[in-house]
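Trainee: Could you take me through this model and show me how each term earns its name?
Mentor: Gladly. Let's look at it together.

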Amino acid sequence: MRRTGTRSTPELLKDLRSLRVAVFHPRDNDGEQLIRQLQRIGCQVQAFWPLPAELNEPFDVAFLAVNPETIVLDLPWIKSEDAPIRVAVVNYENPTIVDGMLRLGASAVIATPIRSFGVLSTLILARQLAGDLRQERKRVAKLESKLQSIRKITDAKSVLMNSRKISEEDAYAVIRDQAMVKRVTIEEIATAIVNANEILSMVGVNRS
Amino acid sequence: MLFSNTGVTAPIERTQLSGTLFAIHEVNAAGGINGRELVPVLYDPQSDAVQYASLAERLILNDDVNVIFGCYMSSTRKAVLPIVEKWNRLLFYPTIYEGFEFSNNVIYTGAAPNQNSVQLADFMTLNFGSRVYLVGSNYIYPFESNRIMTDLVEQRNGKTVGKRYLPLTAGYEEFTSVVSDIRKQQPDFIFSTVVGESTQHLYRAYAEAGLNPKEMPIASLTTCEAEIKAMGAEYAAGHYTAAPYFQSIDSDTNRRVLDLYKEFMGGEVVTNMCWEAAYFQVHMFANAMRQSGTDQVEALLPELLGAEFQAPQGRVRIDPATHHTCLYPRIGRANSKGQFTIVREAKRPVHPDPYLVTYSLGDWTTQIDTLDL
């Protein structure tokens with residue numbers, strides 16, 4: 001493990017100045033404090049209130065007031081794939097508000113009254129967690145598709161093994177050679193074989 | 001003192017102000033605090049949270065006030081909270097609210113949900129059934145109370161057949177549309193968390209529609225003697241409210257305090273749970289200050305936490321861990337005189353549990369005794 005001090009500044013801190021941050025909070029003292037602190041940190045801040053139905057430009061992070069008046073944040077852009085990372089700003093801590101915060105998909109929370117201290121850490125932690133989560137999701141998606149492709153190839157191999165009475169190794173060689181000749185992936189050839197087999201068995205053609 | 005004399009919640013807050021002034025009068029008549037007179041400084045925050053915050057700061061900075069009595073709606077308490085924390089002062093809050101809060105600078109003397117919602121849900125579902133229609137004012141207390149009520153009726157295999165939120169300023173017409181929906185849905189009972197002046201519109205619209213409280217009563221945590229006086233006893237009769245205090249409590253302390261209050265007001269009086277909390281919290285403060293000799297929060301708190309007082313509802317105690325108060329849940333049915341006939345009451349105080357998320361019906365700590373009717 002490297003000692004603190006020898007470690008260079010993390011990227012999450014370095015890119016604070018280029019961060020596009022949206023603040024969705026009523027225009028009151030807390031809203032102003034939050035905006036000013038984000039500006040001090042050096043983020044590119046834009047304030048919105050009331051909540052817009054659409055976001056016309058991309059943001060990295062959004063601070064959203066979860067208060068009794070806006071508990072149900074039913075805005076289409078919040079649930080979209082490339083929605084900004086959300087930080088809830090709460091003034092109550094009862095289950096109704098906590099539920100609102102969960103439904104928002106918040107990665108972090110700050111409580112009112114807003115103090116300058118803590119905004120930076122919350123911002124960084126929210127980005128780290130949301131970033132990690134996004135990466136994990138991508139990895140899971142990749143693994144899932146890999147798994148699916150393996151299953152496809154296994155199915156295709158058994159189709160070939162049954163119809164041509166060949167070994168598993170030979171079946172794989174047939175698929176691989178076809179993929180090379182046709183310049184497509186092994187998975188695509190496997191899919192084609194499985195699909196063809198399904199159609200043939202559906203129309204009642206018995207090849208053996 | 002921060003109680004509204006104008007605005008949507010003025011009628012109930014005026015009773016809190018009156019209870020506070022009455023208690024101060026009693027303290028002063030008994031020689032004040034170690035010979036010093038209590039002098040109230042009052043402002044009217046007009047039921048507006050922004051006013052509450054600025055007037056709280058004015059009390060502290062201009063009037064040199066260390067202890068504030070006041071607030072009714074949660075939004076107004078939330079506005080004052082950062083101010084008393086910032087200047088390290090003490091707020092006494094004499095109102096039922098939705099829980100999930102603690103501040104070292106606040107003493108809570110009204111009921112938390114485990115001291116009224118559970119008992120009300122238990123009583124209503126056992127006596128009327130578990131299909132409930134929820135109607136409330138559009139703010140945090142009704143949202144949270146309805147969440148708890150929904151959980152509780154589900155435990156009795158019931159369900160919510162309707163849910164409506166209306167603005168605090170809603171008029172009679174808006175309630176007639178709610179009542180016609182209620183008639184259509186035919187719930188076993190209606191749970192109302194409507195507060196302020198619009199309360200009377202709900203009960204009136206209900207009566208005008210010819211609905212029968214014996215079959216489909218309204219159950220409330222906030223409709224007390226003050227609201228009944230505003231609407232007229234005939235509209236409230238037969239409906240239910242859960243509260244730690246009703247004017248009709250038949251105890252020596254309550255009778256004695258009511259007699260003195262009549263003398264103080266110079267005639268007949270109508271009291272309620274918020275009046276009572278406002279009344280006893282001043283006495284608890286005075287007792288604490290007699291011990292500490294100062295009204296600095298650091299000196300008062302050790303005397304207040306764990307302190308007991310013989311209040312009109314029974315012997316109450318401030319829980320040191322939560323700063324909330326051990327209270328006596330009761331269920332009352334409004335009668336033709338504008339008072340409540342108490343149908344159930346706790347013989348022992350129920351400990352406050354402001355951070356309780358999941359309630360269960362039939363829990364022994366929330367059991368209250370059925371009285372002979």
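Trainee: How do you know that chain B and chain A are in contact?
Mentor: Contact means heavy atoms within 4.5 Å, and twelve residues of chain B meet that test with ten residues of chain A. This is a predicted model, where local features need pLDDT of at least 70, side-chain atom pairs count only at pLDDT 80 or more, and totals for chains, interfaces and linings use all residues. Residues are numbered from 1 along each chain as its sequence is written, chains are lettered from A and ligands numbered from 1 in the order in which they are written, and side-chain values use heavy atoms, leaving out hydrogens and water.

Trainee: What makes area "buried" between chain B and chain A?
Mentor: Buried area is the accessible area (1.4 Å probe) that two parts lose on being put together, summed over both. Here that comes to about 920 Å², 67% of it on carbon and sulfur atoms. On the side of chain B, Lys78(B), Phe100(B) and Ile140(B) lose the most, together 48% of what that side buries.

Trainee: How many salt bridges are there between chain B and chain A?
Mentor: Zero. A salt bridge needs a side-chain nitrogen of Lys or Arg within 4 Å of a carboxyl oxygen of Asp or Glu. Over all chains, the structure holds 22 salt bridges.

Trainee: Why is the pair Lys86(B) and Glu57(B) called a salt bridge?
Mentor: Their closest N and O atoms are 3.1 Å apart, and the limit is 4 Å, so the pair qualifies. Lys86(B) lies in helix H3 of chain B and Glu57(B) in helix H2 (residues 49–61), so the salt bridge ties together parts that are 29 residues apart in sequence. Helices here are DSSP runs (H or I, at least four residues), and strands are runs of E of at least two, numbered from the N terminus.

Trainee: What makes H1(B) and H11(B) a crossing pair, and which hand does the crossing have?
Mentor: Axes are lines fitted to C-alpha atoms, for helices over the stretch in contact, with angles from 0 to 180 degrees between N-to-C directions. For H1 (residues 10–29) and H11 (residues 273–292) of chain B, the axes come within 7 Å and cross at roughly 35°. The crossing is right-handed, because the near helix is turned clockwise from the far one by less than a right angle; anticlockwise would be left-handed.

Trainee: Where is Pro50(A)?
Mentor: Pro50(A) sits in the loop between strand S2 (44–48) and strand S3 (61–66) of chain A. The peptide bond from Trp49(A) to Pro50(A) is cis, with omega near 5°.
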